[in-house]
Structure formats: structure tokens, C-alpha cells
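Good morning, colleagues. Please take a moment with the sequence and the fold on the screen before I begin.

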Amino acid sequence: MKKDSKIYVAGHNGMVGNAIVRNLMDSGYNNIITRSRSQLDLTNQNQVKYFFENENPDYVFLAAAKVGGIKSNNDFKADFIYQNLMIQTNIIKSAYDYNVKKLLFLGSSCIYPKLSPQPIKEEYLLSGYLEPTNDAYAIAKISGIKMCQSFNQQYGTKFISVMPTNLYGPNDNYDLMTSHVLPALIRKVHESNLNNTDVVIWGTGNPRREFLYVDDLADACVFLMNNYESSDIVNIGTGDDISIRDLSLLIMKIIGNNQNIKFDESKPDGTFRKLLDVSKLHELGWKHKTSLEDGIKLAYSDFLNKNNNE
């Protein structure tokens, strides 16, 4: 990408899209296009076509998606599969129709089978059954990958797909009903500290998860947009994981909470372990920069700022 290339970031108000915009601006890119949901309904094919016809972006970061944690993924499967299929289908097709030079599609590590060998290599995609609690979202994302690959094969487009691990950081969602595990834990530990109550955590605390600071993801996406052209998917993560129990203790230490932890084993654990193999990304020349402890400190500051401004 040139510094004056016209770059469309779909989903710029979300955590990932916002981080990509910040990274692009900090890197000197000066022709970034964004649209809010009220300005452009990405599930509406005609609106998306009209936008591409009039704006003609050179590059597209497809970060727009309906996302949520275990509960919302399980409770609203129809919303997750429909909205994500519509968003990505409309954008990918218009990117082809209006000659976008390159598109980067953001998937998710939940695309991989529930019982994948660990760490998870890119080639494990479609090698087994999905985790039932988020299979609708995962199938939508797999469809996006296959759509990018199919357009590349048939039409010679340059549409690449990346699979981030669990993300956290500025502009995250801290709603306990819809958030992912790390931001939910930040809120639970914070409120427990304020109210002098136990910290109640879903599941056994034994599952292990990998977490990537969202600004590191954004940096990887810009790096890959500039340096990668294969149809083969690329994992983006840290290569390290931590148990939910140890993550809870780390967050409690950072926040300064000395309350008790209780695990509600009536609630689901989800997949026991999800650690991405990031050797391909490392071989391409990119590694994450933000440690988990430093990232959580930054995320907690973001949470406090959000609370103070609400």
C-alpha cells in the first residue's frame, strides 16, 4: 500500500477496526475511508454496491462482524450466521466488482475443530466437528475464507484471510451478557473489588486460552496486507496460552482485588484449549510486542475511562 492509497476499513467503530485505523494513521496512511452503521448498512447489498461504486477503494480491511461471547453466540445463532454472511458476502463481491487491489478478511480461531491437536495449525481447518456453542458464527467465517479463496482461484483476485486468536484492548465490549472472557473478567473483578463480593467465574477455570492485544493484531494485519498474497490462511496470535483460573488471578493482581474466586461449574467451559500455531506468521517476519500483563493494564485503563465517561 502507498501512503495515499484509498483504504476502506469496514467496522472501524469496533475494537479491531478501530485499532487498524489507529495503526494506519500512525504509519502515515492519509486516505482512510470509514462509514458508521447509520451511514452504511453492510447487510444491504445495494447500499454496499453503491458505496464501492462511488468510493472505489484500493484496499479493504474487512473487520466488520457481529461478535460476542459464549452465551450470545449460543443464544442468537440465527443472528450471528445471517448478519456475518451478509456483511462479508456483500463486501467481498463488491471488492471484486469494483477492482479492489487487495482485501484482508478477518476470521476467528473458532473456525477450527473443537478437538484440534494443539497448537492449531492452519491446515486443521475443516478436519473435524466445530464447538457447538459458536458453530453458527464459525460457519459464517469459514464461508468468508472459502469465498476469498474461490474468488482468487476463479478471478485472480488478491483476497487474503487471517485468523486472530482471542483479542482484548481499547474499545472492547465489557457487557457481561455479550463480551468475551477477558473483558468480562476485568469487569467482574473490578465490580467485586468495589462491592467486596466474591468473583464468580463461569466453568471450572481449567480451560486454556491465548490472548492477543488488539493493537498487535492491527499491526499484523497491516504487515500482511503489505507482505502477503497467498490464498492460504494465516494464524495471528502469541503462541502462548494461560488457564482461565490463572488469568483471573493475574487480573485480580493488576486490579488489586483480594476477594475469593468461585467457579460456577454449572456453566459451560467451551473448548478446553485453543492455542494457535503461529510459526507461519513468525517465518513471514512478524511477532507480537505486548505482554499479557502489560496489555491487561492498558485494557483496564480503557475500562475505567469508559466507565467514567458513561
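I should start with a term: a residue counts as buried under 20% relative accessible area, exposed over 50%, and partly exposed in between. Please also keep in mind that this is a predicted model.

With that scale, consider Asn-56, which sits in the loop between α2 and β3. Its relative accessible area is 38%, so Asn-56 is classed as partly exposed. The backbone deserves a remark as well: phi of Asn-56 is near 45°, a positive value in a residue that is not glycine.

A second residue of this kind is Leu-126, where phi is near 65°, again positive without the residue being glycine. Leu-126 belongs to the loop between β4 and α5. Is Leu-126 buried or exposed? With 55% relative accessibility, Leu-126 is exposed.

The loop between β4 and α5 also holds Pro-119. The peptide bond that leads from Gln-118 into Pro-119 is cis, and its omega is near -10°.

Let me turn to β4 itself. Five of its five residues are buried. Lys-102, Leu-104 and Leu-106 point to one side of the strand, while Leu-103 and Phe-105 point the other way.

Which strands does β4 pair with? One partner is β3, in a parallel arrangement over four bridges; here Tyr-59 is bridged to Lys-102 of β4. The other is β5, also parallel and joined to β4 by four bridges, with Leu-104 bridged to Ile-160 of β5. Together with α5, the strands β4 and β5 form a right-handed β-α-β unit.

Now to the interior. In soluble globular proteins, nonpolar side chains tend to be buried together. In this model, the largest nonpolar core has 38 residues, and the members that touch the most others are Tyr-8, Leu-42, Phe-52, Ile-91, Leu-103 and Tyr-112. Among the elements that give two or more residues to this core are β1 (7-10), α2 (45-55), α4 (77-97) and β4 (102-106). Which element gives the most? That is α5, with seven residues.

Phe-52 offers a view of the packing in detail. Leaving aside residues up to four places away in sequence, Phe-52 touches Tyr-8, Pro-57, Val-60, Ile-91, Ser-94, Ala-95, Tyr-98 and Val-100. Apart from the largest core there is another, of 33 residues, including Val-21, Ala-63, Leu-167 and Leu-281.

Thank you for your attention.

Note on methods:
Residues are numbered from 1 along each chain as its sequence is written. This is a predicted model: local features need pLDDT of at least 70, side-chain atom pairs count only at pLDDT 80 or more; totals for chains, interfaces and linings use all residues. Side-chain values use heavy atoms; hydrogens and water are left out. A nonpolar core is a set of buried Ala, Val, Leu, Ile, Met, Phe, Trp, Tyr and Cys residues joined through side-chain atoms within 4.5 Å. Buried means under 20% relative accessible area, exposed over 50%, partly exposed in between (1.4 Å probe, protein chains only). Contact means heavy atoms within 4.5 Å. Two strands pair if DSSP finds at least two bridges between them. A crossover is right-handed if, with the strands pointing away from the viewer, the path from the first strand over the helix to the second runs clockwise.
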